[in-house]
Amino acid sequence: YNEYKSYLSITEVIMASKLSPEAESEYREIFDMFDKDKSGRISKAELKDACEQLHVSITDDELNKIFEELDENNDLSIDFHEFCKLMYDMDNNGGRDQEKELWEAFKVFDINGDGTIERDELVEIMKRIGQKMTDQDIDDMFQAADTDGDGRISFEEFMAINNPDS
């Protein structure tokens, strides 16, 4: 019982009951991109590497703070359940300023800093995070986001595609 209890907290049971299969699948895809060695856990080195690939600077102190908050079982890695809690909290705003978080994410995609995301920038970011996509996949993703058809994704379009319920 104690082993089972350590794997499945009350929070996880509640969260799992609220997590749709689509969200779990999306979280798994993101988790797998970070879990480079396919160990089922994200190490500090893997998280730091992923941030560097996305040109997001993160200090060792920030990295340690993230792990202090997420690594509930203190094994110096983030497992899928711990990762899901983070993602669920982020998706449900968790008291954070969601627009600010989306702006920070948008700036990662806006490589040239012109205030819009162009197709080649989307391709570059997908490569950096190890996401293998066909040209058709990229075109479909881009067209879904570029609602005004101007060939660029504005911040407003980026927010809409990342917040379909609002």
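**Entry 1: a charge and a ring**

I began with Arg 28, whose charged end sits over the ring of Phe 80, 3.7 Å from the ring centre. I am working on a predicted model here.

**Entry 2: the Phe 80 ring again**

Next I asked which kind of pair Phe 31 and Phe 80 make. I counted 8 aromatic pairs in the model. For Phe 31 and Phe 80 I found ring centres 5.5 Å apart and planes at 80 degrees; an angle over 60 counts as edge-to-face, so this pair is edge-to-face. I then looked up where the two rings sit: Phe 31 is in helix H3 and Phe 80 is in helix H6 (residues 80-91), so the pair ties together parts that are 49 residues apart in sequence. I noted both Phe 31 and Phe 80 as buried.

**Entry 3: a second pair**

I moved on to Phe 109 and Phe 158, a tilted aromatic pair with 5.7 Å centre to centre and 55 degrees between the planes. Phe 109 belongs to helix H7 (residues 98-109) and Phe 158 to helix H10 (residues 155-162), so this pair, too, ties together parts that are 49 residues apart in sequence. I checked burial for each ring: Phe 109 has a relative accessible area of 18% and is buried, and Phe 158 is buried at 8%. Following the rings outward, I found that Phe 109 and Phe 158 form one aromatic cluster with Trp 103, Phe 106 and Phe 155.

**Entry 4: back to H3**

I wanted to know which residues of H3 are buried. My list reads Ala 23, Tyr 27, Ile 30, Phe 31, Met 33 and Phe 34. Looking down the axis of H3, I saw these buried residues fall within an arc of 155 degrees, so they line one face of the helix. Pro 21 and Glu 22, on the other side of H3, are exposed. I also checked the span: H3 has 14 residues and reaches 20 Å from its first C-alpha to its last, close to the 20 Å expected at 1.5 Å a residue.

**Entry 5: positive phi**

Last, I went through the backbone angles. Most residues other than glycine have a negative phi, so I wrote down the two cases below.

- Lys 38 has a phi near 55 degrees, a positive value. I located Lys 38 in the loop between helix H3 (21-34) and strand S1 (41-43), and it counts as exposed at 56% relative accessibility.
- Leu 76 has a positive phi of about 65 degrees. I located Leu 76 in the loop between helix H5 (60-70) and strand S2 (77-79), and it counts as exposed at 62% relative accessibility.

Conventions
Residues numbered from 1 in each chain as written. Predicted model: local features only at pLDDT ≥ 70, side-chain atom pairs only at ≥ 80, totals over all residues. Heavy atoms only, no water. Helix = DSSP H or I, 4+ residues; strand = E, 2+ residues; numbered from the N terminus. Buried < 20%, exposed > 50% of the residue type's maximum accessible area, 1.4 Å probe, protein only. Expected span 1.5 Å × (residues − 1). Arc of directions from axis to C-beta. Phe/Tyr/Trp six-rings, centres within 6.5 Å; stacked < 30°, edge-to-face > 60°. Lys NZ or Arg CZ within 6 Å of the ring centre and 35° of its normal.
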